[in-house]
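Got the viewer open and a selection box ready? Let's take a walk through this one, stop by stop.

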Amino acid sequence: MIRIENLKKKFKRLQVLDDINALFTEGQVVSLIGPNGSGKTTLIKTLLGLVRPDAGKIFINRQQIGNDPAYREHIGYMPQIGRYPDNMRVGQLFTMMKDIRMKTEAALDTDLLVKFNLASIFDKPMRTLSGGTRQKVSAALAFYFNPDILILDEPTAGLDPLSSEILKAKIMEEKQKNKLILITSHILSDLDDLTTHVMYLQEGKMIFLKGIEQLRKETGEEKLGKAIARIMNGEKKSALWIDEVLMLETNNQSN
Ligand SMILES: Nc1ncnc2c1ncn2[C@@H]1O[C@H](COP(=O)(O)OP(=O)(O)OP(=O)(O)O)[C@@H](O)[C@H]1O
């Protein structure tokens with residue numbers, strides 16, 4: 001469904017994506033994991049055509065992506081930070097997106113719109129929304145057109161616990177429909193029940209891409225955070241980062 005071949009991207013002298021190769025197929029939930037600045041968002045943006053790679057090829061549903069943006073209709077994207085026209089009202093945003101995509105009402109997935117009760121804020125201008133509410137709008141939009149591929153960049157960041165659970169349940173439902181889901185998160189416990197594959201990036205390099213069962217077998221660890229920490233044991237820098245994440249998560253759970 002998505003094939004990435006020898007993908008490279010530099011920002012000035014910084015090699016942000018360093019010869020990435022990967023194949024993602026339907027039914028997979030691929031967790032993109034790595035420290036801040038490791039290239040996760042840049043990788044996502046190259047898939048969406050928002051960042052132009054210096055070299056390499058990307059195939060989506062067997063079509064090599066180039067200048068024609070039509071392939072994006074297959075993708076629902078939830079950005080890390082959703083940017084919307086300030087004065088546009090929430091309801092107008094959904095109407096505008098619908099008009100652009102020209103889908104009929106029947107084909108739309110309004111599940112999250114309903115569960116997050118977004119109709120009650122349809123009159124509010126986007127600039128007045130709280131960070132979490134903006135996230136809910138981004139989430140509802142990503143799923144709205146029932147895409148085959150979902151790309152979710154830190155989807156639960158900023159959501160309250162109940163909304164986070166609603167979103168995770170929705171992602172799980174879509175996984176069951178055999179969609180391909182790419183997801184980044186620093187909250188590794190959020191990914192535990194969802195993940196089928198882990199792609200680990202560090203300083204623009206893909207350190208590994210493994211099935212979760214293989215990862216669990218190799219490490220003897222059930223939890224994603226602990227499994228990755230074990231795999232990365234030889235790599236001092238990453239092990240340190242994972243240790244910090246685990247410590248934070250333990251603190252969060254005990255609070
Ligand atoms: N438009 C840009 N111009 C210059 N440098 C950029 C640009 N976008 C990203 N970078 C740099 O590329 C590197 C990778 O950034 P990216 O956002 O892909 O990391 P990330 O893994 O998603 O990080 P995080 O976990 O913090 O979200 C960082 O060093 C970042 O500063």
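Start with a pair: select Tyr200 in β9 and Phe208 in β10, which stand opposite each other. Keep in mind as you click around that this is a predicted model.

Now widen the selection to both strands. Residues 197-202 are β9 and residues 205-211 are β10; the two run antiparallel and are joined by six bridges. Another facing pair to pick out is His197 with Gly211 in β10. Between the strands sits a two-residue turn that makes this a hairpin, and Glu203 in that turn has a positive phi of about 45°.

Stay on β9 for a moment. How many of its residues are buried? Six of the six are, so the strand is largely enclosed by the rest of the structure. Show the side chains and you can sort them by direction: His197, Met199 and Leu201 point one way, while Val198, Tyr200 and Gln202 point the other way. That fits a familiar pattern: in a regular strand, side chains alternate between the two faces of the sheet.

Next, add residues 29-33, which is β3. This strand pairs with β9 in the parallel sense, over four bridges. Look for Ile33, which stands opposite Tyr200 in β9. Tyr200 is the residue we began with, facing Phe208 in β10.

**Over to the open sheet**

Select β1, β2, β4 and β5. In what order do the four strands lie? The order is β2-β1-β4-β5, in an open sheet with antiparallel pairing. The edges are β2 and β5; each has a single partner strand, so one side of each is left without a neighbour in the sheet. For a closer look, take β1 (residues 2-11) and β2, which are joined antiparallel by eight bridges. Within that pairing, Leu7 stands opposite Ile20 in β2.

**The ligand**

Centre the view on the ligand and bring up the residues around it: Phe11, Leu14, Val16, Gly34, Asn36, Gly37, Ser38, Gly39, Lys40, Thr41 and Thr42. Colour them by type and you get three nonpolar, seven polar and one charged. Which elements supply at least two residues of this shell? They are β2 (14-24) and α1 (40-47), with α1 giving the largest share, three residues.

So zoom in on α1. The helix is mostly covered, with six of its eight residues buried. To highlight them, select Lys40, Thr42, Leu43, Ile44, Thr46 and Leu47. Lys40 and Thr42 also appear in the shell around the ligand. Step just past the end of α1 and you reach Gly49, which takes a positive phi of about 80°.

**Into the core**

Hide the ligand and go looking for greasy side chains. In soluble globular proteins, nonpolar side chains tend to be buried together. Here the largest nonpolar core has 61 residues, and the members that touch the most others are Ala140, Ile151 and Ile228. Select residues 131-144 as well: this is helix α4, which gives the most to the core, with seven residues.

**Two residues to compare**

First, Leu93, in helix α2 (residues 90-101). Is Leu93 buried or exposed? The count is 20 other C-beta atoms within 10 Å, and because 20 or more is the cut-off for buried, Leu93 qualifies as buried. Leaving out residues up to four places away in sequence, Leu93 touches Tyr84, Met88, Met126 and Val137. Try the distance tool from Leu93 to Phe122: the C-alpha atoms are 8.9 Å apart, with the two positions 29 residues apart in sequence numbering.

Then jump to Glu73, in the loop between β5 (63-64) and β6 (75-78). With 13 other C-beta atoms within 10 Å, Glu73 is partly exposed. Draw another C-alpha to C-alpha line, this time to Glu174: the two are 17 Å apart in space and 101 residues apart in sequence.

**Zoom out**

Finish with the whole chain in cartoon view. The secondary structure comes to nine helices and ten strands. Colour by burial, and buried residues make up 37% of the 255 in the chain. If you like contact maps, here's one more number: among contacts between residues at least 6 apart in sequence, 67% join residues at least 24 apart.

Notes:
Residues numbered from 1 in each chain as written. Predicted model: local features only at pLDDT ≥ 70, side-chain atom pairs only at ≥ 80, totals over all residues. Core = buried A, V, L, I, M, F, W, Y, C linked by C-beta atoms within 7 Å. Buried ≥ 20, exposed ≤ 12 C-beta atoms within 10 Å, placed from the backbone. Near = placed C-beta within 6 Å. Nonpolar A, V, L, I, M, F, W, Y, C, P; charged D, E, K, R; others polar. Contact = placed C-beta atoms within 7 Å. Pairing = 2+ DSSP bridges.
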